[in-house]
Amino acid sequence: MKQNEAKPYSPFRAFLAKFLKQKMAVVAFAVVVAIMFVGIFGSFFAPYDPHRPVTAQYPEKGIDLDQLTNTSVVLEGVMSDGTTVEGSELTRVQVESENRRIASVRQSQRGINVNANTSGFTNATVEAGEVSGVFQVVVEGESQFEGREAVVSRLEPVHPEGVLNEGEEFQIDVTAVLTDGTEITDRGEIHELALRLYETEEEEDTSGFNAPASNAEAIEGLHFQSLNEEVAAVDENGIVTITGEGEGIILVQTGPVKSAVHVQAGGTAEPVLAYLTISEPNVTLTDIYKHQPPSSVHLFGTDHQNRDIFSRVIHGTQDTLLIGFVSVAIGAFLGTVLGLLAGFYGRWVDSLVTRMTDVLLAFPGILLAIAVIAFLGAGITNIIMAVAVFTVPVFIRIVRGSTLALKEMTYVEASRSIGVKDPVIIFRHIFPGTLSVVLVYLTMRIGVAILIGAALSFLGLGGDITAPEWGSMLSAAKDNSGTVFHATFFPGLAIVITVLSFNIFGDGLRDALDPKLKE
Amino acid sequence: MLQFVLRRLIGMVPILFIITIISFLFVHLTPGDPIRIMYGAEIDQETYQTLYEREGFHDPLPVQYGRYMVDMLVHGDFGQSYRTRADVSEEVVRRFGYTAVLTILSMFWAILIGVSVGIISATKRNSIWDRAGMVSTITALSIPEFWFGLMLMQIFAVQLGWFPTSGSGTIWHLLLPSITLGFGVAATIVRFTRSSVLEVMREDYVRTARAKGQKERVVIWSHVLRNALIPVVTMAGLQFGFLIGGAVVVEQVFAWPGLGSYLIDSILSRDYPVIQALILLFSLQFLIINLLVDISYGFLNPQIRYD
């Protein structure tokens with residue numbers, strides 16, 4: 001108050017001081033300004049074109065498509081004497097994906113090349129001669145990975161080295177390494193796991209590669225088989241008995257994974273390939289053709305037509321704000337005019353306008369808007385009209401109320417007594433008095449208008465369902481991306497933040513302009 | 001009292017009359033030719049004329065309006081759907097039950113959540129609970145119902161698999177839509193309950209009760225809440241109309257086969273007889289709800305005079 005002695009009292013400064021005290025409202029105001037900035041200039045800095053799939057835009061953005069969908073894993077062979085061989089030196093290598101629709105694999109110079117196609121997960125088998133290994137490929141995207149579990153990637157047999165004699169017995173110990181990296185050493189456990197994993201898929205798993213004829217019979221659990229019965233025999237527990245001289249190989253197998261145990265009975269022989277190791281038994285890639293999850297390239301992910309959701313949300317700001325501002329502006333204008341007339345002239349003008357207002361206010365806004373759309377047909381202009389229609393009565397009521405009070409003011413009476421014409425009284429003396437209320441409601445109704453506008457376009461009443469408008473984005477996401485969280489989350493979050501900012505800003509404005517206005 | 005109800009009922013007649021005219025004119029004022037919509041765009045001129053005559057479009061508008069009113073009032077006939085050729089009144093009756101169940105259950109949630117949170121906020125004023133309650137209500141009022149529904153569906157139906165995503169049939173189908181619908185109203189009820197309770201707590205008789213050493217629990221339960229909850233009940237009743245409006249959107253989210261989704265489907269396919277009937281029905285509902293609320297004001301607060 002002391003300041004006022006120095007400076008002349010400024011209502012604006014008083015208002016500003018009151019407003020700045022409300023921290024929430026100031027923050028909300030900043031957000032509102034930011035949103036409006038995005039609404040006006042958003043189309044210039046949106047990273048992608050909101051109407052086209054991002055894959056079509058990668059070349060112009062300098063993003064290498066292959067880099068996103070391709071990866072390599074290194075393949076190595078472990079020999080029976082413990083030495084390792086590089087993948088390129090292995091012979092008779094075959095790689096095969098269980099489900100090529102999800103990912104395809106092929107042998108390359110560096111190892112195995114994995115190429116993602118569509119979201120889901122699959123297992124890929126690598127075979128080199130008698131032995132084989134498995135790795136899992138996960139392509140992130142729309143699909144849920146229900147039923148995904150780690151499978152056996154490789155079996156590492158442990159056995160005594162050196163030359164053995166006839167009649168000797170030994171036990172093969174096996175360590176199973178799963179695709180998620182866990183190691184199982186207990187034979188019984190491996191057996192149980194294999195029984196469970198390969199129970200139903202047996203046919204599929206073995207038919208894919210050139211297995212020896214003996215493999216055609218069902219292999220259950222952890223299985224041991226001797227390829228050279230005259231040298232060594234093996235029982236189901238992995239106990240090997242040497243039956244004759246020479247070289248023998250015993251295959252250890254669970255499902256599609258096979259390892260070889262080299263048995264040497266007398267003489268010397270070259271070591272053979274024992275098992276395969278794959279550098280990354282669990283490969284994760286992204287499906288770039290649909291529903292990409294949020295990443296550094298696409299902050300909000302992509303939608304069912306692979307359009308960048310972040311860019312669409314930014315572009316959509318304009319439409320959403322347009323619906324909010326224009327409809328409320330129209331509604332406020334008509335409502336203020338009618339409210340001023342009804343309040344000032346009273347009598348039949350008042351009763352007609354009030355009756356109309358009562359009827360309109362009896363209906364929930366959204367249904368009134370839907371009824372207007374039913375009349376006018378779908379389209380964004382009609383949404384604006386519809387929202388305007390239910391905004392009108394709100395303004396009529398509040399403006400009429402304050403007009404009634406202002407009409408009794410002495411200065412109005414004074415101007416009337418000196419013969420000032422009615423339109424001048426209304427415009428110069430009464431309207432400015434209603435301005436603060438109108439301003440507050442203007443802000444608060446924008447939030448409501450945006451909500452209803454979004455609901456209408458969500459219902460498909462906006463006409464163009466492909467437009468990057470938040471409501472229609474949610475509608476499209478509901479129909480096409482039912483299982484994808486990010487597609488429905490971000491456009492809705494944009495609505496919430498916008499409406500919330502306008503509401504909090506409106507609340508602050510109300511408290512600063514006139515504390516008595518509290519509902 | 002009776003006089004007031006009668007006067008209000010008579011006052012409804014001109015409004016209803018205007019609404020019937022509006023809904024009647026729907027077919028005539030809206031773009032698109034009803035015959036083409038009904039029988040397809042490719043019928044030839046001759047068939048078109050015959051059909052035009054048979055459907056009675058040759059008569060002057062007042063005659064058509066009269067026939068429309070007689071069909072509706074005397075025979076309870078709202079015409080046939082352009083799209084399915086099904087009887088509109090039968091379909092409306094069938095779907096009405098779905099919407100009624102949905103809105104009533106939503107109102108139950110809204111009152112349950114709204115009143116309890118409102119009471120906690122008011123009695124523990126300015127505590128952290130109060131702040132949290134107020135922040136959540138202003139947030140809740142800014143969340144679009146359909147998005148809230150979609151999020152519930154994502155979390156509880158898609159990710160966790162506890163409930164079916166959409167459709168109808170069991171009680172489980174009803175849970176997510178009703179919570180979605182009740183949630184916005186709950187926020188309004190919280191605010192209203194809070195201010196109502198706070199207002200009553202400032203009354204003299206509450207101070208007196210405290211002064212005579214009454215336990216705080218007794219003060220709250222038998223002095224404050226009894227008086228504070230009366231306006232809340234009325235306000236909740238008034239919200240019923242808005243629940244029906246919200247149901248239009250929520251039904252669409254969860255594919256709930258009520259009147260709301262019927263309305264939207266009909267608007268999108270320009271099925272005017274259905275739109276006509278539904279607009280009439282919805283208007284009637286709101287007029288009745290408003291009347292009931294007005295009457296209940298009188299019962300609950302004898303100070304109100306009906307003049």
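**Figure 1. Chain A and its two domains.** Chain A holds 15 helices and 19 strands, shown here as a predicted model. The chain is split into domain 1, covering 67-286, and domain 2, covering 305-513. Taken over C-alpha atoms, the centres of domain 1 and domain 2 of chain A lie 68 Å from each other. Of the 519 residues in chain A, 47% are buried. If you like contact maps, look at sequence separation too: among contacts in chain A between residues at least 6 apart in sequence, 66% link residues at least 24 apart.

**Figure 2. A close look at A:Leu222.** Here we visit the loop between helix 7 (202-207) and strand 13 (223-226) of chain A, where A:Leu222 is found. A:Leu222 counts as buried because 25 other C-beta atoms lie within 10 Å, and the cut-off for a buried residue is 20 or more. Leaving aside residues up to four places away in sequence, A:Leu222 touches A:Val174, A:Arg187, A:Ile190, A:His191, A:Ala194 and A:Thr254. A:Leu340 makes a handy second landmark: it is 118 residues from A:Leu222 in sequence and 89 Å from it in space, C-alpha to C-alpha.

**Figure 3. The side of chain B that touches chain A.** In this view, 34 residues of chain B are in contact with 33 residues of chain A. On the chain B side, at least two residues each come from helix 6 (128-140), helix 7 (145-159), helix 10 (216-254), helix 11 (259-268) and helix 12 (272-300). Helix 10 of chain B gives the most, with 9 residues. Sorted by class, this side of chain B has 24 nonpolar and 10 polar residues, and no charged ones.

**Figure 4. Helix 10 of chain A meets helix 10 of chain B.** Two packed helices are described by the angle between their axes and the distance between the axes. For helix 10 (residues 365-376) of chain A and helix 10 of chain B, the axes come within 7 Å and cross at roughly 65°. Chain A brings A:Ile366, A:Leu367 and A:Ile370 to this contact, while chain B brings B:Gly245, B:Gly246, B:Val248 and B:Val249. By class, the residues of this helix contact are 5 nonpolar and 2 polar, with no charged ones.

**Figure 5. Confidence in chain B and in the complex.** Chain B has a mean pLDDT of 79, and 93% of its residues reach 70 or more. Among the elements of chain B, helix 5 (residues 88-123) has the highest mean pLDDT, 86, and helix 2 (residues 34-39) the lowest, 70. A friendly reminder: where pLDDT is low, the predicted coordinates should not be read in detail. For the complex, the predictor gives an ipTM of 0.81 and a pTM of 0.73.

Key. Residues numbered from 1 in each chain as written. Chains lettered and ligands numbered in written order. Predicted model: local features only at pLDDT ≥ 70, side-chain atom pairs only at ≥ 80, totals over all residues. Contact = placed C-beta atoms within 7 Å. Helix = DSSP H or I, 4+ residues; strand = E, 2+ residues; numbered from the N terminus. Nonpolar A, V, L, I, M, F, W, Y, C, P; charged D, E, K, R; others polar. Axes fitted to C-alpha atoms, helices over the stretch in contact; angles between N-to-C directions. Domains from an automatic or database assignment. Buried ≥ 20, exposed ≤ 12 C-beta atoms within 10 Å, placed from the backbone. pLDDT = per-residue confidence, 0-100.
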